[in-house]
Structure formats: structure tokens, C-alpha cells
Amino acid sequence: MTEKEIIQIFKKEKALLEGHFLLSSGLHSPNYMQCALVLQKPWIAEKLCKALAKKLSQYKASVVVGPALGGMIVSYELGRALKVRSIFAERQDQIFSLRRGFSVKKGERVIAVEDVITTGKSVHEVIDLLEREGAKVVAVASIVDRSGGQAIFQQDFLSILSMNIKAYRPQECPICKAGKIALTKPGSRKIG
Ligand SMILES: [Zn+2]
């Protein structure tokens with residue numbers, strides 16, 4: 001699967017929109033991405049995760065772990081593709097932990113996974129948790145890397161789509177300046 005094919009899937013599922021968007025950060029952007037709209041179709045999630053799994057089999061992990069909620073579907077589908085356990089970490093009093101009886105073994109080879117990595121903050125927290133538990137984190141993986149090279153990990157970081165989505169402060173927004181496209185808030189009913 002090429003990045004071009006993946007972008008086509010995102011566009012078809014309206015998970016990647018073009019226009020003029022007000023992001024939750026207050027910044028304006030010509031694009032908006034919502035990976036959940038792609039992953040809501042399990043057959044697409046399966047296909048994307050199979051493509052990502054091809055890059056991950058070399059790490060010989062025996063479990064994949066994602067942060068809830070964003071990383072859960074990707075973790076599950078990667079687990080299916082790699083035929084390894086899939087678990088997730090949840091925040092408890094703001095700190096990620098393994099609940100529901102989930103555990104990792106001492107020295108167990110683990111891949112930390114996420115749907116979209118922007119800053120990598122959640123994944124870093126999951127890596128810290130896994131290392132505290134004694135596991136060996138051998139790689140980090142996500143469907144989309146939109147960090148623009150800003151998410152740095154000690155481990156190899158693999159994704160199947162790199163996207164550097166631009167965002168501007170309102171007073172510097174070129175789309176506002178052009179004045180042709182009205183500003184919309186992603187998730188509002190007008191979109192789609
Ligand atoms: Zn604007």
C-alpha cells in the first residue's frame with residue numbers, strides 16, 4: 001500500500017478534509033484529519049493494520065500495547081495481523097496503567113502503538129509504563145505520523161502515512177487573508 005492509496009482512503013471516508021478549519025488548539029488549518037472515521041470500518045482498519053504489521057514482524061514482539069482510547073483499535077488489529085496479544089493502557093488518576101488483569105512479562109518484547117502520533121506524549125507515557133513493568137519496548141508504530149519529525153523515540157518509529165498538516169495562528173492564517181472559504185469547526189454537522 002502506497003501513501004497515495006492511503007490518502008485516497010482517508011479522503012473517501014471523509015477522514016481527511018480540505019477547507020478552512022478551526023482546531024481545538026485555536027489554530028486554523030487547511031486540513032482536518034479524524035482517523036476514527038477510517039477505523040470505524042473494520043475491514044479498512046484490518047487492511048491498514050496489515051500493511052503496518054508487515055513492517056513490524058521483524059521486531060518479534062509477543063504483545064502490542066496502545067493507549068486507550070485512540071490506540072485500542074490499532075492495537076487490536078495489529079495483534080490480529082501479527083498473531084500476538086493485544087492489550088491497552090488506561091489512565092487512572094491521569095497516569096497510564098494496565099488494568100483488567102492485563103500484564104507484560106519481564107523482558108517481554110512489546111510494540112507500543114497508536115492511531116495517530118502528533119506529539120507522541122501518550123505513547124511516551126505508555127513506554128514508561130511498560131518499562132516500569134519490566135518489558136522491553138522494541139518499536140513504536142502508528143497508522144499516521146503527523147509529528148513532522150517532532151515525535152522522537154529511543155525505539156524505531158514506523159508508520160504507513162506521514163502527514164505534515166499545517167496550522168496557523170488566526171492573525172497569520174493565509175486562508176482568512178484570502179477570504180474565500182468560511183471557517184468551520186471540525187465535527188460540526190456542516191462538515192461532510
Ligand atoms: Zn483562518
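Visitor: How many helices and strands are there in the protein chain, and what makes a stretch count as one or the other?
Guide: There are six helices and eight strands. Both are DSSP runs numbered from the N terminus: H or I over at least four residues for a helix, E over at least two for a strand. Read from the N terminus, the order is α-β-β-α-α-β-α-β-β-β-α-β-β-α.

Visitor: Why is the protein chain called as compact as a globular protein of that length?
Guide: Its radius of gyration is 18 Å, and the globule rule gives 16 Å for 192 residues; those values are close, so the label fits. The radius is taken over C-alpha atoms, and the rule is 2.2 Å times the number of residues to the power 0.38. Along the principal axes, the C-alpha trace spans about 60 × 35 × 30 Å.

Visitor: What sort of model is it, and how are residues numbered?
Guide: It's a predicted model, where local features need pLDDT of at least 70 and side-chain atom pairs count only at pLDDT 80 or more, while totals for chains, interfaces and linings use all residues. Numbering starts from 1 along each chain as its sequence is written.

Visitor: What makes Asp115 count as buried or exposed?
Guide: Asp115 has 22 C-beta neighbours inside 10 Å, so it counts as buried. The cut-offs, with C-beta atoms placed from the backbone, are 20 or more others within 10 Å for buried, 12 or fewer for exposed, and partly exposed in between. Asp115 sits in strand E6. Setting aside neighbours within four places in sequence, its contacts (C-beta atoms, again placed from the backbone, within 7 Å) include Leu39, Gly70, Ile73 and Ser142. Leu39 is 76 residues away in sequence, yet its C-alpha is 8.9 Å from that of Asp115.

Visitor: How do you know that H4 is mostly covered?
Guide: Just count: 12 of its 13 residues are buried. Among them are Met72, Tyr76 and Leu82. The buried residues pack against helix H2 (36-39), H3, strand E3 (63-67), strand E4 (85-92), strand E6 (109-117) and strand E7 (136-145).

Visitor: What span is expected of H4, and what does it reach?
Guide: From first C-alpha to last, H4 reaches 19 Å, close to the expected 18 Å. The expectation is 1.5 Å times one less than the number of residues.

Visitor: How do H3 and H4 cross?
Guide: The axes of helix H3 (residues 42-56) and helix H4 (residues 70-82) come within 8 Å and cross at roughly 65°. Axes are lines fitted to C-alpha atoms, for helices over the stretch in contact, with angles from 0 to 180 degrees between N-to-C directions. The crossing is right-handed, meaning the near helix is turned clockwise from the far one by less than a right angle. Ala45, Cys49 and Leu52 are among the H3 residues making the contact, and Ile73, Leu78 and Ala81 among those of H4. The contact residues divide into 10 nonpolar, no polar and three charged. Nonpolar covers Ala, Val, Leu, Ile, Met, Phe, Trp, Tyr, Cys and Pro; charged is Asp, Glu, Lys and Arg; the others, Gly among them, are polar.

Visitor: Why is Lys83 called buried or exposed?
Guide: Lys83 has 9 C-beta neighbours inside 10 Å, so it counts as exposed. Lys83 lies in the loop between H4 and E4, and its phi is positive, near 55°, though it's a residue other than glycine.

Visitor: And what makes Asp93 buried or exposed?
Guide: Asp93 has 5 C-beta neighbours inside 10 Å, so exposed it is. Asp93, not a glycine either, has a positive phi of about 50°.

Technical notes. Contact = placed C-beta atoms within 7 Å.
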